[in-house]
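Work through the following exercises with the structure open beside you, and try each task before reading its solution.

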Amino acid sequence: MATSRLLRTSAAFLAATALLISGCSSGSSSPDDEASPGLTTEAGAQRPAEEATLAPLPASTPAGLRSYYDQKLTWHACGNGFQCATMKAPLDYSRPEAGDIKLAVARRKATGPGSRLGSLLVNPGGPGGSAIDYLEQYAPQPAPIRARYDMAAMDPRGVDHSQPIECLSNKQMDRYTQTDQTPDSPAEVDKLTTAFRDFAKGCASRSGKLLSHVSTVEAARDMDMLRAVLGDKKLNFVGASYGTFLGATYAGLYPSRVGRVVLDGAMNPELDSRTTNVEQTAGFDTAFTAFAKDCIKHKNCPLGTKSTQDAGEQLTALFKKLDAHPAATGEDRKLTESLASTGVIAALYDQRAWPLLRDYLAQAKAGNGRGLLTFSDSYYERSPNGSYSNQMYANPAVNCLDLAPAFTSPEQVRAALPSFRKASPVFGENFAWAALNCAYWPVKPTGTAHRIEAKGAAPILVVGTTRDPATPYIWAKALASQLSSATLLTYDGDGHTAYGRGSTCIDNAINAYLLDGTVPPKHKVCK
């Protein structure tokens, strides 16, 4: 089942593929006694969320946080040249005395040659993606960056190595992912809403008070603490997908501490949940159209060779067939409509998956669902032994805290179905119902949609891909226009994010910025 408001990256899917968003997050944490981020006008007065701007925190460190900023990490070797440690942060920034949370961090020291440029923090997105696991794959390349920077990562609060959010058993998660997400009757609507409620109850019972303290603003404040602990005056950062929202939030809160920041596959923090969902639905339609245009050029295209519209109709027919008669997979799970649609959506993140997607669609039409199930499992980070990573739990925990839900009832979803179907005839209904999950979340949201301007920040590089399914290109343009010091770098291509995905033009531009501070020319487009 696609999870609402999900922007994921997963090294398990192909090389470094980001996985479904269906709405994104933004927000602010609870105020603390000495310094509070707020959504304000220039004069500091509160204004409506749709016009709000994230206000910076004071440059001085609050007295209640000094011991955290001054802490010394105990590093130990953790394999392949990496060092690992645990950093303490307050669970609740409004009450630092109320207890700590332990955050896992890792680094790989600069290898040289050349002078050291400080630490470069990376985050792969999600929310819920393990930055530490990503670092282990990212740090070996590119070599010029590795030579000059200490590559570093921190799993955000609630994620994987940092006191992970837990919600369901593996068997319960299997049932959850198979729930019909395009309900055709009141009984199926009831089953879907029950699944959402049970998921939320599981998170509340297994994760407790942690659920209230995994917002993006809190994670950004943790990043500033790590910056200080690592001995860096400025934060250098490469964030992908949801990582762009995390990085932009950091810039909004601490503009004077921005170093060299790359935001690749950018989100637009100004959008509310429903608008984000509709725009991302359109993004996936754009990606599917690109896949279909390529597919129908092949004689063996399982969606025909007539037109992209016909290809979409054939895919919709396949989903309906699987809804009535799930396909065998060679194991005790069958390929349901929900698992099949998730598998197709996952493959649209990376055009390198298109040949396999053609094969797996042909197999599914013939009654063999194994291939699409493999794609679906990669999306959900389900291991062959049946275990799931924590990303599917951390993701809604962050997103449902960061923004109010897109919908609060099935009736609201039904009313919005026409706009979603217009955005994507193939995936619209699926995305609309997925956006209902935060309606049943046990913790009230603490954030609202807002602009991020980060006035006074050093130059920031925003990267957008023209046919990105998960973070539509219009979002990169929007974020670049909000951030006062941003430059937009465009990749005219397919897939989610651009850096390290095969474009020498993109890689050279980003590397030059990270190494020399050289910002690409305005309106630079790479193919």
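A residue is called buried here when its relative accessible area is under 20%. The model is a predicted one, and the first exercise applies this cut-off to one of its strands.

**Exercise 1.** Determine which residues of strand E9 point one way and which the other way, and decide whether they are buried or exposed.

*Solution.* Begin with the extent of the strand: E9 covers residues 150-154, and 5 of its 5 residues are buried, which leaves the strand mostly covered. Next, sort the residues by direction: Asp 150, Ala 152 and Met 154 point one way, while Met 151 and Ala 153 point the other way. This fits a general rule, namely that side chains in a regular strand alternate between the two faces of the sheet. Finally, apply the cut-off to both groups, and you find that all of these residues are buried.

**Exercise 2.** Find out which strands pair with E9, and in which sense each of them runs.

*Solution.* First take strand E7, residues 100-108, which pairs with E9 in the antiparallel sense over 4 bridges; within this pairing, Val 105 has Met 154 as its bridge partner. Then turn to strand E8, residues 119-123, which runs parallel to E9 and is joined to it by 3 bridges. Here Asp 150 of E9 is the residue that stands opposite Ser 119.

**Exercise 3.** Describe the surroundings of Val 462, starting from the largest nonpolar core and ending with strand E13.

*Solution.* The largest nonpolar core holds 128 residues, and Val 462 is one of those that touch the most other members, together with Phe 288, Leu 315 and Phe 427. If neighbours within four places in sequence are left aside, the contacts of Val 462 include Leu 263, Ala 266, Leu 483, Thr 487 and Leu 489. A second core, separate from this one, has 30 residues, among them Leu 120 and Val 262. Now consider the strands: E12, residues 460-467, and E13, residues 486-494, run parallel and are joined by 7 bridges, with Leu 461 standing opposite Thr 487 of E13. As a last step, note that E13 is largely enclosed by the rest of the structure, because 8 of its 9 residues are buried.

**Exercise 4.** How many cavities of 30 Å³ or more does a search of the whole structure find, and what lines the largest cavity?

*Solution.* The search finds 7 such cavities, and the largest cavity contains about 80 Å³ of space. Of its 13 lining residues, Ser 60, Pro 62, Tyr 69, Arg 221 and Tyr 254 are the closest to its centre. Sorted by character, the lining consists of 8 nonpolar, 2 polar and 3 charged residues.

Definitions and conventions. Residues are numbered from 1 along each chain as its sequence is written. This is a predicted model: local features need pLDDT of at least 70, side-chain atom pairs count only at pLDDT 80 or more; totals for chains, interfaces and linings use all residues. Side-chain values use heavy atoms; hydrogens and water are left out. Buried means under 20% relative accessible area, exposed over 50%, partly exposed in between (1.4 Å probe, protein chains only). Helices (H or I, at least four residues) and strands (E, at least two) are DSSP runs, numbered from the N terminus. Two strands pair if DSSP finds at least two bridges between them. On a 1 Å grid over the protein atoms alone, a cavity is a set of points where a 1.4 Å probe fits but cannot get out, and a pocket is an open set with protein on both sides within 12 Å along at least five of seven lines; lining residues have an atom within 4 Å of a point. Grid points are joined across faces, edges and corners, and a volume is the space filled by probe spheres set on the points. Ala, Val, Leu, Ile, Met, Phe, Trp, Tyr, Cys and Pro count as nonpolar, Asp, Glu, Lys and Arg as charged, and the others, Gly among them, as polar. A nonpolar core is a set of buried Ala, Val, Leu, Ile, Met, Phe, Trp, Tyr and Cys residues joined through side-chain atoms within 4.5 Å. Contact means heavy atoms within 4.5 Å.
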